[in-house]
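Me: I should like to learn how to read burial, helix packing and cysteine pairing from a set of coordinates. May we work through one case together?

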Amino acid sequence: MAKHSNMSRFLNPAKVGLLALIELYADKTAPTSSIVDVLSFITSHLIDVDGSTLSSDPERRWKQAESTVSLVISIADFEKVLAPHTAASGIPGRNLWYVFLDRLWKISSLDALHGFFDNCSHLLAKTKDELRRDAELGILVPGPEVILLSRNSPFGAFVRRSQLEFTRLRFHDAFELWKDFVKYRQTTAAYYRKKTPSFQRLSFDHVLLAGESDWGADVEAVASVAYGDMRRDDSVSTLPVSTDDIQKLLEFQIDQMQSYGIRIPLEIKHQFHDLLNDSFMIPSLSHYLSYLEAWRAGDYSTSFDYLHRYFDYTMQNKDKSFYQYALMNLAVLQADFGCYKEAMTAMLETVSTARENRDMTCLNFALNWLFHFGRAHPEVTEELESNSMLGTGNESLAFLRSRAKETGMLTLWSSALMSEAKMGLSNGESVATAIEHLVRSSQILVERNMKNMIGSQLSINIALWDRLGVPYLSATTCEIFLRCHARHSIFDDELKVTSRQASMLTLKGKYDEALEILEDMDADALRAWKPSQYWHKFRGIIKLRRDLHRNNLDGAELLLSQLLQSKNEDLEPDLAFVIDNLHVDCLVRRGNMNQAFVKVEKMISELRDQNKDIALRVRLLLLKAELLDKIGRPQKGFTIAVRAANVAWRARLIPYLWPAIGAIANILTSLGEFEPAIQLLKAVLPRSLECENAAMTAKLYSHLGDANVGLAGAAPPKSLRRREFMTKAVEAVEKAFNHYSSVEDIGKQCEMMAKKATIMKVSGDHVLANDYAAAYLAIRRSAEEAKD
């Protein structure tokens with residue numbers, strides 16, 4: 001494929017078209033009603049748009065880049081804007097598109113192109129020296145009705161730079177620009193010929209047209225020498241792209257990938273690939289874009305190669321101060337692909353290099369990364385404690401917060417405050433202190449309009465309301481984020497908040513609705529490797545919970561085997577815990593109590609070693625107490641249940657406090673202490689309903705039914721008191737059945753129906769007892785049919 005010997009730094013045919021359009025605007029050719037559309041079009045291609053101000057629709061975020069590419073490739077974008085508008089005056093029946101083409105076709109030779117750029121000076125307001133010189137020569141000053149461009153305005157700066165870049169072109173490069181312009185304009189020849197009777201076959205070049213009478217048939221040979229195969233539709237010809245276009249597209253794509261954590265849409269990627277192939281030189285920034293693309297795609301070796309290539313080029317042309325950024329990128333890359341020791345080593349070296357170069361921005365970022373990395377992978381940081389560069393978590397955060405405040409690094413300052421809040425909640429410390437940190441962080445975000453960090457802020461708020469047992473506020477915060485702030489945040493935040501919404505729906509038994517909101521997420525954004533993995537695994541968790549509740553244990557075990565293989569690779573600790581929890585549930589439903597106990601003990605020892613979130617420890621204590629109850633030894637779990645309740649109360653882990661109280665009440669029931677058990681359950685059940693966790697509420701109602709049966713058993717046979725407590729027991733079991741039905745838990749539905757049948761039988765109501773027994777069998781049968 002033939003390529004240009006060189007590529008223009010700035011000019012290309014599209015920019016010549018923009019200059020012609022500016023000239024039409026200055027000549028008042030555009031009518032008043034069309035000026036806004038014309039100026040908007042020109043401005044959109046001259047001024048870089050801040051990515052944060054773009055639409056919330058992911059497809060429209062790339063509109064700027066796509067329009068830049070399409071304008072370089074084809075003149076059709078000019079037609080879309082100008083064709084609907086009529087010309088202001090002088091040319092009746094002609095639209096603005098024709099007037100624009102007429103201006104372009106009057107540039108009928110390379111000499112005329114030089115004249116076009118020279119005449120652009122008349123568009124600019126004159127300097128004081130030029131005005132003084134004109135006054136001396138007696139040249140009149142243009143009247144106020146004449147549109148002149150300020151030299152420092154966006155349009156004026158564009159005109160002046162275009163003139164400067166054209167004067168810098170060597171003759172060969174100017175001729176290449178002319179040939180590109182002829183080809184760019186050629187697609188409009190058929191339209192222009194219909195509207196212009198004087199248009200001829202060689203009107204694209206006035207020199208050939210004028211020389212046709214002298215040269216005769218030889219004019220075709222002259223045209224062939226001058227233009228080669230350019231006039232024919234050559235599929236392998238290059239696109240008229242400039243270095244400026246390439247640089248802007250690269251910067252825009254990198255900004256979008258880093259701001260939103262997504263990959264380049266395939267259509268844009270292919271168009272950009274064509275432009276890059278047609279450029280004479282490949283900017284080093286394109287290697288960084290390729291690195292980001294390969295990284296997001298999960299291609300470790302390719303991303304590693306492009307990262308080295310980019311920084312090799314960068315450090316050849318710039319000073320060595322970029323070395324720490326190369327190390328930092330390398331550390332992040334290694335960590336993402338599971339090479340934790342190598343990542344830690346690279347980031348520690350980043351800290352040392354940043355200190356030597358006095359690069360506080362890089363140093364603070366590296367320390368912040370090390371803190372979060374240490375929280376996520378304590379087993380790695382323990383081996384490197386001898387370096388003593390991290391200190392304790394609180395010390396690291398206090399240092400980072402103070403340094404960020406001193407150096408004015410608002411992002412790091414806000415992030416450190418959020419991390420302090422998160423760590424306080426994780427350690428079970430004061431909720432008020434955590435809220436204080438969140439409010440201070442929120443103040444920074446609002447005052448400085450840091451929209452891209454709202455996602456992290458609201459994610460912690462969502463977790464806070466969950467822990468306080470106010471799921472309505474948690475769900476409302478999710479909705480607020482997705483409706484108002486998702487457009488400005490990275491896709492990871494949107495994915496995790498949507499997953500949180502799906503999790504809340506799952507707890508209510510709305511499995512199809514939960515899967516639907518996950519399916520409705522942007523498919524293009526899910527092309528990125530990490531989000532795609534997270535999305536697939538979260539869908540797997542929802543389906544696993546549904547299969548367990550529907551007693552489809554074979555399907556559940558298949559999903560479990562897939563989820564357990566990569567549980568520890570890239571899932572957050574709470575999701576990894578959910579998978580382990582569901583694994584224990586599956587073992588219990590299979591009747592493998594020994595394996596379930598071994599699994600729980602292993603989870604407890606791992607959490608104790610890693611000092612993870614206190615909420616996970618409380619959930620494990622509750623799980624162990626539940627297992628002891630299932631094997632008929634609930635009293636052995638009394639100490640465990642009391643400890644879980646104590647920790648949950650101190651840490652204000654409300655969703656786990658009520659199950660802990662329920663476990664204690666169940667143990668009291670097993671000891672014959674029915675009255676205290678009922679008092680405890682009646683106290684916590686209203687608050688449990690607020691948590692909107694159907695399975696938890698159902699279990700509490702089941703315990704209440706058991707306690708009422710116990711009191712009924714203590715009453716004299718056939719007494720009013722016995723009947724009263726039996727009725728209360730049936731009501732409680734019925735409510736438990738309804739809550740279990742809402743989450744489609746077949747096993748528990750059968751258990752509740754069996755309890756009702758037993759109570760009716762003891763009460764002497766054999767007809768109802770038989771009805772409940774038949775309902776029990778019907779539930780079993782329907783579950784088996786659904787499974788088949």
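**Reading burial and packing**

Reply: Leu149 is buried, with a relative accessible area of 5%. Please keep in mind that the model is a predicted one.

Me: Where does Leu149 lie with respect to the helices?

Reply: Leu149 is placed in the loop that runs between helix H8 (128–137) and helix H9 (154–168). Because burial here means a relative accessible area under 20%, the value of 5% puts Leu149 in the buried class.

Me: Which residues is Leu149 in contact with, once its neighbours within four places in sequence are left aside?

Reply: Its contacts are Ile22, Tyr25, Leu123, Leu124, Ala125, Phe155, Gly156 and Val159. A C-alpha separation adds to this picture: Leu149 and Ser121 are 28 residues apart in sequence, and 9.9 Å apart in space.

Me: How is burial read for an entire helix, and how many residues of H6 are buried?

Reply: One applies the criterion residue by residue. Helix H6 spans residues 96–105, and 10 of its 10 residues are buried. The buried residues are Leu96, Trp97, Tyr98, Val99, Phe100, Leu101, Asp102, Arg103, Leu104 and Trp105.

Me: Which helices do the buried residues of H6 pack against?

Reply: They pack against helix H1 (13–26), helix H2 (35–46), helix H5 (76–82), helix H7 (110–119), helix H10 (171–186) and helix H11 (189–195).

Me: Let us turn to pairs of helices. At what angle do H20 and H23 pack, and how far apart are their axes?

Reply: Helix H20 (residues 360–376) and helix H23 (residues 410–426) pack at an angle of about 15°, and their axes are 11 Å apart. Angles under 35 degrees count as roughly parallel, and H20 and H23 are therefore roughly parallel to each other. Their crossing is left-handed. On the H20 side the contact is made by Asn364, Asn368, Phe371, His372 and Arg375, and on the H23 side by Leu412, Ser415, Ser419, Met423 and Ser426. By class, the contact of H20 with H23 comprises three nonpolar, six polar and one charged residue.

Me: What is the corresponding reading for H23 and H25?

Reply: H23 and helix H25 (residues 454–467) pack at about 20°, with axes 10 Å apart. H23 and H25 are therefore roughly parallel to each other, and the crossing of these two helices is left-handed. From H23, the residues Met418, Lys422, Leu425 and Ser426 meet Ser456, Gln457, Ile460, Leu464 and Arg467 in H25. The contact of H23 with H25 has four nonpolar, three polar and two charged residues.

Me: Is Leu417 buried or exposed?

Reply: Leu417, which is located in helix H23, is buried, with a relative accessible area of 0%. Apart from its neighbours within four places in sequence, Leu417 is in contact with Arg401, His437, Arg440, Ser441 and Ile444. The C-alpha atoms of Leu417 and Ser442 are separated by 9.3 Å, and these residues are 25 apart along the chain.

Me: Finally, how many disulfides does the count give?

Reply: A disulfide is a covalent bond between the sulfur atoms of two cysteines. The test requires a pair of cysteine sulfur atoms within 2.5 Å, and by this rule the count comes to zero disulfides.

Me: Are Cys691 and Cys750 buried or exposed?

Reply: Cys691 is buried, with a relative accessible area of 10%. Cys750 is buried as well, at 1%.

Notes: Residues are numbered from 1 along each chain as its sequence is written. This is a predicted model: local features need pLDDT of at least 70, side-chain atom pairs count only at pLDDT 80 or more; totals for chains, interfaces and linings use all residues. Side-chain values use heavy atoms; hydrogens and water are left out. Axes are lines fitted to C-alpha atoms, for helices over the stretch in contact, and angles run from 0 to 180 degrees between N-to-C directions. Helices (H or I, at least four residues) and strands (E, at least two) are DSSP runs, numbered from the N terminus. Angles under 35 degrees count as roughly parallel, over 145 as roughly antiparallel, 65 to 115 as roughly perpendicular and the rest as oblique. A crossing is left-handed if the near helix is turned anticlockwise from the far one by less than a right angle, and right-handed if clockwise. Contact means heavy atoms within 4.5 Å. Ala, Val, Leu, Ile, Met, Phe, Trp, Tyr, Cys and Pro count as nonpolar, Asp, Glu, Lys and Arg as charged, and the others, Gly among them, as polar. Buried means under 20% relative accessible area, exposed over 50%, partly exposed in between (1.4 Å probe, protein chains only).
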